[in-house]
Amino acid sequence: MSEEHEGQSPSAADQLVRLLSVDGSFRVVACVNTSVVQEAARRHDLTGLAAVALGRALTAGQLLATLTKGDERISLQLTGDGPLRGLMVDAWANGDVRGYVHEPVLAEHEGSGRPWVASVLGRNGVVQVFRDLGLKDLYQGTGTLTVGEVDEDLETYLRVSEQIPSALGCEVLLDEAGAVIASAGVLVQAMPGTKEQEGDPVREAQHRLRTGVLRRSLSEGARDPCFLAAQLVADFPLRILFTGPVRFHCPCDKERVTRALITLGPVELEGMVQDLHGAEVTCHFCANRYTFGEAEVLALIQEIRAKLN
């Protein structure tokens, strides 16, 4: 693959790429993450508009997380006045992501155009972005949910709250049954200190996203993130900085769940033993279930009381 990239033929492999314009004035992050969104939809039993809403948020999280350093995590929380109520996504710089919707709803997409997820997410609400920098406190930014299409509201957040000229588009394609068949996204941002130039690439990318260029490319079978990125900034050659895998991954395990149960305290755990003869915990993010027998919970209670004494 050459360093300068004008466009490529589609590829089937899901991956994320980070690119920089040859003149250094803007950066592009693009990913094809069909398997990620399919896995999330499978775990949470989502189809139709609910799957599209979560898929767009998962994609946006992966695009934004790759701009962090090391093992930093970015969390997106969008809450709205629609029946979905909201969604939550965690994404890491290594391409891992997880997420869920607050209230799964059965709402099918009608027509052949872009799915309108504002009908389930709503148009009035809050956009929150948390950046875990490995410090004691999280960095938190807040914006307003006004469009309800996930990517458009996050683009506004980046422009207004973080003051970074940005163009963000995330697309999820469905089959006739409402199942996910393709997913991809592209983020274009001006580099700090860049002066306005004729034929602004960020505005050009924003216009092409809003007129359906990314969705059409995906519908026509394009699966190479470099190719998709080039469709949005066709007049500006790019060079590749990074290429890496993407996956749906949740770091939860029984040890972490055990620590969470301990924080409930002996009284609440004793209630679980009495009512349930044990405990069952389901992870919101990945829907994994962790079962604890009565003996295991009693052992936790003894451990807590021993520490208290």
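This is a short talk on helix packing and a few individual residues in one structure, which is a predicted model.

Let me begin with the helix pairs, and with a reminder that two packed helices are described by the angle between their axes and the distance between those axes. The pair I would take up to start with is helix α1, residues 34–44, and helix α2, residues 48–65, whose axes come within 10 Å and cross at roughly 135 degrees. That angle makes α1 oblique to α2, and the crossing of the two is right-handed. If you look at the side of α1 that takes part, you will find Val36, Val37, Ala40, Ala41 and His44, and these meet Ala51, Leu54, Gly55, Leu58, Thr59 and Gln62 of α2. Sorted by class, this contact between α1 and α2 has seven nonpolar residues, four polar ones and no charged ones. As you follow the numbering in such lists, it may help to recall that an α-helix has 3.6 residues a turn, so residues three or four places apart point the same way.

The next pair is helix α4, residues 151–160, with helix α5, residues 201–210, and here the axes are 13 Å apart, with a packing angle of about 165 degrees. Since angles over 145 degrees count as roughly antiparallel, α4 is placed in that class relative to α5, and α4 passes α5 in a left-handed crossing. On the α4 side the contact involves Glu152, Glu155 and Arg159, while α5 brings in Val202, Gln206 and Arg210. The make-up of this contact of α4 with α5 is one nonpolar, one polar and four charged residues.

The remaining pair I want to show is helix α9, residues 266–276, with helix α10, residues 294–308, which pack at an angle of about 165 degrees with their axes 10 Å apart. These two helices are therefore roughly antiparallel to each other, and α9 passes α10 in a left-handed crossing. From α9 the residues in contact are Pro266, Leu269, Glu270 and Val273, and they meet Glu294, Val297, Leu298, Leu300, Ile301, Ile304 and Arg305 in α10. By class, the contact of α9 with α10 has eight nonpolar and three charged residues, with no polar ones.

Directly after α9 comes a residue that deserves a separate word, namely His277, which is found in the loop between α9 and β13, the latter being residues 278–282. Phi of His277 is near 55 degrees, a positive value in a residue other than glycine, and His277 is exposed, with a relative accessible area of 52%. For context, most residues other than glycine have a negative phi. Arg85 also has a positive phi, near 70 degrees, and Arg85 lies in the loop between β4, residues 73–80, and β5, residues 86–92. At 45% relative accessibility, Arg85 counts as partly exposed.

Let me turn now to burial, and to helix α7, residues 225–232. How many of the eight residues of α7 are buried? Six of them are, so the helix is largely enclosed by the rest of the structure, and the buried residues are Pro225, Cys226, Leu228, Ala229, Ala230 and Leu232. At the start of α7, the backbone nitrogen of Cys226 has a side-chain oxygen of Asp224 within 3.0 Å.

A single buried residue that I would point to is Arg215, which sits in helix α6, residues 213–219. Its relative accessible area is 14%, and because buried means under 20%, Arg215 falls into that class. A polar atom of the Arg215 side chain lies 3.5 Å from the backbone oxygen of Gly113. Setting aside residues up to four places away in sequence, Arg215 touches Ser112, Gly113, Arg114, Pro115, Glu171, Val172 and Leu173.

I will finish with Thr243, which belongs to strand β11, residues 238–244, and which counts as partly exposed at 42% relative accessibility. Again leaving out residues up to four places away in sequence, Thr243 touches Gln15, Leu16 and Val17. The C-alpha atoms of Thr243 and Val29 are separated by 9.9 Å, although these residues are 214 places apart along the chain.

Key:
Residues numbered from 1 in each chain as written. Predicted model: local features only at pLDDT ≥ 70, side-chain atom pairs only at ≥ 80, totals over all residues. Heavy atoms only, no water. Helix = DSSP H or I, 4+ residues; strand = E, 2+ residues; numbered from the N terminus. Buried < 20%, exposed > 50% of the residue type's maximum accessible area, 1.4 Å probe, protein only. Polar contact = N/O pair within 3.5 Å; in protein donor to acceptor, adjacent residues only side chain to side chain. Contact = heavy atoms within 4.5 Å. Axes fitted to C-alpha atoms, helices over the stretch in contact; angles between N-to-C directions. Parallel < 35°, antiparallel > 145°, perpendicular 65-115°, else oblique. Left-handed = near helix turned anticlockwise from the far one by under 90°. Nonpolar A, V, L, I, M, F, W, Y, C, P; charged D, E, K, R; others polar.
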